[in-house]
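Trainee: Hi! Could we go through this one together, starting with the basics?
Mentor: Happy to. Here it is.

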Amino acid sequence: RVQLVESGGGSVQPGGSLRLSCSLSGITFNTYCVAWFRQRPRREREGVAALSPRGGTAHYAPSVRGRFTLSPDSATNTLYLQMDRLKPEDAAMYYCAAKEGSCTYGGLWSMSGRYGAWGQGTQVTVSS
């Protein structure tokens, strides 16, 4: 059974950092694309970052590139999202998602409808 569990959300001031964790069960990084999405109030869910299978390419949304970093830990089957220099517009519910195979074959990695497994989400608040 595939299960994704997020943790690490919280409240931080602008310019601060947080590290989100996505613990995977039933799947591994070898064969699955694992991604982070976020959803702000009254906005559509948007792709933040995704990691291709077998430690392949890391994809980032332009709005977070250079500030957010994906880091997989195969020993614990956990995908981390290090978020630095956080901005108020980064505040959202963050979700971990997974799909079998390539992140980009057949479509954009950031299309949420391509992912079949989702976690319950973790809230990130950025305010002074």
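Mentor: One term before we start: a residue is called buried when its relative accessible area is under 20%, exposed when it is over 50%, and partly exposed in between. Also keep in mind that this is a predicted model.

Trainee: Thanks! Is Arg38 buried or exposed, then?
Mentor: Arg38 is buried, because its relative accessible area is 3%.

Trainee: And which residues does Arg38 form salt bridges with?
Mentor: One partner is Glu46, with the closest N and O atoms 2.8 Å apart. Another is Asp90, where the N to O distance is 2.9 Å. That second pair links distant parts of the chain: Arg38 sits in strand β4 (residues 32–39), while Asp90 is in the loop between β8 (78–83) and β9 (92–100), 52 residues apart.

Trainee: Why would side chains pair up like that?
Mentor: Side chains of opposite charge can pair when their charged atoms come close.

Trainee: Are those two partners buried or partly exposed?
Mentor: There is one of each. Asp90 counts as buried, since its relative accessibility is 1%. Glu46 has a relative accessible area of 24%, so it is partly exposed.

Trainee: Which other residue does Glu46 meet in a salt bridge?
Mentor: Arg40, with 2.6 Å from N to O. Arg40 is buried too, as its relative accessible area is 16%.

Trainee: How many salt bridges does the structure hold, and which residues are linked in a network?
Mentor: The structure holds four salt bridges. The network links Arg38, Arg40, Glu46, Arg67 and Asp90.

Trainee: What about charges over the chain as a whole: how many are positive and how many negative?
Mentor: The protein chain has 14 positive and 8 negative side chains. The centres of those two sets lie 3 Å apart.

Trainee: New topic! How many helices and strands are there?
Mentor: Zero helices and 11 strands. Reading from the N terminus, the elements go β-β-β-β-β-β-β-β-β-β-β.

Trainee: What is the overall size?
Mentor: The C-alpha trace spans about 40 × 30 × 25 Å along its principal axes. The radius of gyration is 13 Å, which agrees with the value near 14 Å for a compact globule of 128 residues.

Trainee: How much of the chain is buried, and what is its accessible surface?
Mentor: Buried residues make up 45% of the 128 residues. The accessible surface comes to about 6400 Å², and 47% of that belongs to carbon and sulfur atoms.

Trainee: What do the contacts look like along the sequence?
Mentor: Take the contacts between residues at least 6 apart in sequence: 60% of them join residues at least 24 apart.

Trainee: Can you give me an example to look at?
Mentor: Try Ala50, in strand β5 (residues 46–51). Ala50 is buried, as its relative accessible area is 0%. The C-alpha atoms of Ala50 and Cys103 are separated by 7.2 Å, although these residues are 53 apart along the chain.

Trainee: Which residues is Ala50 in contact with, leaving aside its neighbours within four places in sequence?
Mentor: Cys103 is one of them, and the others include Cys33, Val34, Leu70, Trp109 and Tyr115.

Note on methods: Residues numbered from 1 in each chain as written. Predicted model: local features only at pLDDT ≥ 70, side-chain atom pairs only at ≥ 80, totals over all residues. Heavy atoms only, no water. Salt bridge = Lys/Arg side-chain N within 4 Å of Asp/Glu carboxyl O. Buried < 20%, exposed > 50% of the residue type's maximum accessible area, 1.4 Å probe, protein only. Helix = DSSP H or I, 4+ residues; strand = E, 2+ residues; numbered from the N terminus. Rg over C-alpha atoms; globule rule 2.2 N^0.38 Å. Contact = heavy atoms within 4.5 Å. Areas by Shrake-Rupley, 256 points an atom, 1.4 Å probe, with all protein chains shown as cover. Lys, Arg positive; Asp, Glu negative; His and termini not counted. Charge placed at Lys NZ, Arg CZ, Asp CG, Glu CD.
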